[in-house]
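User: I am new to reading protein models. Can you take me through one, feature by feature?

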Amino acid sequence: MRRKDREVADPGSMLEIMRQCDCCRLGLRDGDGVYIVPLNFGFCQEDDKLVLYFHGAGSGRKIELLKACPQVGFEMDTAHGLVEHETACGYSYHYASIMGTGRVSFLEDHQEKLAALGCILAHYSDRTEWEFSGETVKHTAVLRLEVTKWSCKRYE
Ligand SMILES: Cc1cc2nc3c(=O)[nH]c(=O)nc-3n(C[C@H](O)[C@H](O)[C@H](O)COP(=O)(O)OP(=O)(O)OC[C@H]3O[C@@H](n4cnc5c(N)ncnc54)[C@H](O)[C@@H]3O)c2cc1C
């Protein structure tokens, strides 16, 4: 990172920033191009690995692209703040953001899907007990992104 003074390298601080983010953008390969799709997410650490979970319909453009190429990039950001100034060059913007890469797999096991959906809900709610309809879970695609590389930058 060119601006080392803005790099956040402490894993605890990086995870705290991830906790504050409410949308993760996945970057998917699409032929010679790229498809970026915003998604809600949950995250957890499994055996020293950082894992993100997503859910949604079992069909559509992102699902087809992920089946063709499970390698993805991702980005999320939070703590936005406009810095106003009387000069154009004085204007600025505060943020905290995370970028990374990883590989997506589709969860098939019912219990694994429930755990992942619980992880997503835990990111947006304090409630821990949920009931899921078996049929709905069956028809919901649950994606597991195992992070291979990630970095964090904060400008405050
Ligand atoms: C903050 C946020 C959180 C979201 N959380 C979730 C989530 O947790 N799970 C989930 O499944 N979806 C979520 N969505 C919706 C998601 O971005 C996609 O619209 C949805 O997943 C369908 O994607 P798809 O590739 O199957 O699109 P398809 O239905 O296959 O449509 C493909 C085309 O529709 C257009 N399109 C698709 N999505 C968008 C979009 N968001 N904005 C503008 N154009 C679009 C594009 O042109 C794309 O080529 C969220 C959206 C936002 C903004």
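User: How exposed is Ala79, and how many other C-beta atoms lie within 10 Å?

Analyst: This is a predicted model, so keep that in mind throughout. To judge burial, count the C-beta atoms around a residue: 20 or more within 10 Å means buried, 12 or fewer means exposed, and anything in between means partly exposed. Ala79 has 14 such neighbours, so Ala79 is partly exposed. Ala79 sits in strand β5. Its phi is also positive, about 55 degrees, although Ala79 is not a glycine.

User: Which residue other than glycine has phi near 70 degrees?

Analyst: That is Asp48, and the value is positive. Asp48 lies in the loop between β3 (42-46) and β4.

User: Why does Asp48 count as exposed?

Analyst: Use the count again. Asp48 has 5 C-beta neighbours inside 10 Å, so Asp48 counts as exposed.

User: Let us step back. How many helices and strands does the protein have?

Analyst: There are 4 helices and 7 strands. Along the sequence they follow the pattern α-β-β-β-β-α-β-β-α-α-β. The C-alpha trace spans about 55 × 40 × 30 Å along its principal axes. Of the 156 residues, 20% count as buried.

User: Which residues of α2 are buried?

Analyst: First, the general idea. An α-helix has 3.6 residues a turn, so residues three or four places apart point the same way. Now the case here. In α2, the buried residues are Lys62, Leu65 and Leu66. They cover an arc of only 100 degrees around the axis, so they lie on the same side of α2. The face turned away from that buried side carries the exposed residues Glu64, Lys67 and Ala68.

User: What do the buried residues of α2 pack against?

Analyst: They pack against β1, β2 and β6.

User: What should the 15 residues of α3 span?

Analyst: Multiply out the rise along the helix. At 1.5 Å a residue, α3 should span 21 Å; its end C-alpha atoms are 22 Å apart, which agrees.

User: Which residues of α3 are buried?

Analyst: Lys113, Ala116 and Leu117 are. They cover an arc of only 100 degrees around the axis, which puts them on the same side of α3. The buried residues of α3 pack against β4, α4 (134-139) and β7.

User: Which residues have the most contacts inside the largest nonpolar core?

Analyst: Look for buried nonpolar residues joined to one another. The largest such core here has 25 residues, and Leu52, Tyr53 and Leu145 have the most contacts inside it. Elements that each supply at least two residues of this core include α1 (11-20), β1 (24-30), β4, α3 (110-124) and β7 (140-155).

User: What is Tyr53 in contact with, leaving aside neighbours within four places in sequence?

Analyst: Among its contacts are Phe41, Ala116, Ile120, Val142 and Leu143. Sequence distance is worth checking across the whole protein too. Of contacts between residues at least 6 apart in sequence, 71% join residues at least 24 apart.

User: Last, the ligand. Which residues are around the ligand?

Analyst: They are Cys23, Val37, Pro38, Leu39, Asn40, Phe54, His55, Gly56, Ala57, Gly60, Arg61 and Lys62. The elements giving two or more residues to this shell are β2 (33-39), β4 (49-57) and α2 (61-68).

User: Where does the largest share of the shell come from?

Analyst: From β4, with 4 residues. By type, the shell divides into 6 nonpolar, 4 polar and 2 charged residues.

Conventions
Residues are numbered from 1 along each chain as its sequence is written. This is a predicted model: local features need pLDDT of at least 70, side-chain atom pairs count only at pLDDT 80 or more; totals for chains, interfaces and linings use all residues. A residue is near a molecule or strand if its C-beta atom, placed from the backbone, lies within 6 Å of it. Ala, Val, Leu, Ile, Met, Phe, Trp, Tyr, Cys and Pro count as nonpolar, Asp, Glu, Lys and Arg as charged, and the others, Gly among them, as polar. A nonpolar core is a set of buried Ala, Val, Leu, Ile, Met, Phe, Trp, Tyr and Cys residues joined through C-beta atoms within 7 Å. Two residues are in contact if their C-beta atoms, placed from the backbone, lie within 7 Å. The expected span of a helix is 1.5 Å times one less than its number of residues. The arc is that of the directions from the helix axis to the C-beta atoms.
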